[in-house]
Amino acid sequence: MLAYHLIFKTMRKLFGIFIVMLSFLAIWSCNPEKKEVVIEEEIIINESSEFLINATLWVQQSAEYEACCYQAFNYAKLALDTRINLANMDKPLAVVFDVDETLLDNSYYEANLIENNTTYTSETWKEWSDMQCATAIPGAIDLLNYVQSKGVEIIYISNRRENELEASISNMEKIGFPAVPVENFYFRTDESSKVARREMVSEKYNIVLLVGDNLADFDGMFEDRSENMGKDVVTNNKDNFGTEFIILPNPMYGKWERALPSDEEKTATENRINAVIGYDEICK
Ligand SMILES: [Mg+2]
């Protein structure tokens, strides 16, 4: 009788456990969050582009990015007024603009790199610029109109290649940029350095302001990043920012990336993780 009672009790316990397990299974299969996790795991993110995700999201989705752009362009107007008053008038005045991520938003190209698990190539970039789908950086058109209203020439020095000129002009006109003579577009022919092109512009104009997203858009002294990532040169010229040089934020790409410490044995992501400054380096 005792044995029969024990068997019955054990069976009842096992049945209870079975019911509980069945309930968990039912809840798990109906839980959309769990399903989402499983689906997300199937998306393989190539490490060559994964670090672009947050940078591209910030540019496309954060109101802070937009505010930074307005701040830069509003400040450019103030700086321009001051610089015009101080300028030598022996030559016409000009403002030199970079184009990409200074006036045109190409974050969609970066998004495409993420979606296709790939990195920049000049071929895919050309395909993108031929599409003429870049949008205006917030506040850019307003600043260009302001520059023209002051009788100051707009000059574009861009590392878009010369075979992109026609599509670039068309893209800019389509989205409302003011008309600028084609000879004011100094696109890249050979070297990426903008020093020689700035010198050519300086022969015709007094450059009162330079606007860009890369320090090399302002002066050749910023091109060498081998010492302290180029930060010392910035510190030594800190008074020129906001007065002569107006910089736009671009977390997606730039010369700064190539200056990061890099070990060929390691992957791009590992190198970036190694470059991040942690507790151990700062709390000595
Ligand atoms: Mg640029």
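Student: In which sense do E4 and strand E5 (residues 185-188) pair?

Tutor: This is a predicted model. Strands of a sheet can pair in either a parallel or an antiparallel way. Between E4 and E5 there are three bridges. Their sense is parallel.

Student: Which residue of E5 stands opposite Ile157?

Tutor: Look at the pairing of E4 with E5, which covers three bridges. Arg161 stands opposite Arg188 in E5. Ile157 has its own counterpart in E5, Tyr186.

Student: What unit do E4, helix H9 (residues 165-174) and E5 make?

Tutor: E4 and E5 are parallel. Helix H9 joins them in the unit, and its hand is right. The result is a right-handed β-α-β unit.

Student: In what order do the five strands of the open sheet stand?

Tutor: The protein chain has seven strands and 14 helices. Five of the strands form this open sheet, with parallel pairing. From one strand to the next the twist averages 20°. The order is E5-E4-E1-E6-E7.

Student: Which strands stand at the edges of that sheet?

Tutor: Recall the order, E5-E4-E1-E6-E7. An edge strand here has a single partner, so one of its sides is left without a neighbour in the sheet. The edge strands are E5 and E7.

Student: At what angle does H5 run to E6?

Tutor: H5 lies across three strands, E1, E6 and E7. Its direction is compared with that of E6. The angle is about 170°.

Student: Which element gives the most residues to the largest nonpolar core?

Tutor: That core has 43 residues. Among those with the most contacts inside it are Ala76, Val95 and Ile246. H5, E1, H8, E4, strand E6 (206-212) and strand E7 (245-247) each give two or more residues. With seven residues, the top contributor is H5.

Student: Which residues does Phe97 contact, leaving aside its neighbours within four places in sequence?

Tutor: Phe97 is one of the core residues with the most contacts inside the core. Ile155 is on that list too, and it also touches Phe97. The full set is Thr102, Leu103, Ile154, Ile155, Tyr156 and Val211.

Student: Why are the buried residues of H8 on the same side of the helix?

Tutor: Helix H8 (residues 140-149) has Ala140, Leu143, Leu144 and Val147 as its buried residues. They are on the same side of H8 because the arc they cover around the axis is only 100°.

Student: What do the buried residues of H8 pack against?

Tutor: H8 gives two or more residues to the largest nonpolar core. Its buried residues meet one helix and three strands. The partners are helix H5 (63-86), strand E1 (93-97), strand E3 (135-136) and strand E4 (153-161).

Student: Which residue with a positive phi follows H8?

Tutor: Most residues other than glycine have a negative phi. The residue after H8 is a glycine with phi near 75°. It is Gly151.

Student: Where is Gln132 found, and is it partly exposed or buried?

Tutor: Gln132 is not a glycine, yet its phi is positive, near 55°. Its place is the loop between helix H7 (122-131) and E3. It has 16 other C-beta atoms within 10 Å, short of the 20 needed for burial. Gln132 is therefore partly exposed.

Student: What is the phi of Met229?

Tutor: Met229 is found in the loop between E6 and helix H11 (231-236). With 15 C-beta neighbours inside 10 Å, Met229 is partly exposed. Met229 is not a glycine, but its phi is positive. The value is about 60°.

Student: Is Asp190 buried or exposed?

Tutor: Asp190 lies in the loop between E5 and helix H10 (195-204). Glu162 is 28 residues away in sequence and 9.6 Å away in space, C-alpha to C-alpha. Asp190 has 8 C-beta neighbours inside 10 Å, and 12 or fewer means exposed. So Asp190 is exposed.

Student: How far apart in space are Leu57 and Ser107, C-alpha to C-alpha?

Tutor: Leu57 is in helix H4 (residues 52-61). It is partly exposed, with 15 other C-beta atoms within 10 Å. In sequence, Leu57 and Ser107 are 50 residues apart. In space the distance is 8.7 Å.

Note on methods
Residues numbered from 1 in each chain as written. Predicted model: local features only at pLDDT ≥ 70, side-chain atom pairs only at ≥ 80, totals over all residues. Helix = DSSP H or I, 4+ residues; strand = E, 2+ residues; numbered from the N terminus. Arc of directions from axis to C-beta. Contact = placed C-beta atoms within 7 Å. Core = buried A, V, L, I, M, F, W, Y, C linked by C-beta atoms within 7 Å. Pairing = 2+ DSSP bridges. Right-handed = clockwise from strand over helix to strand, strands pointing away. Axes fitted to C-alpha atoms, helices over the stretch in contact; angles between N-to-C directions.
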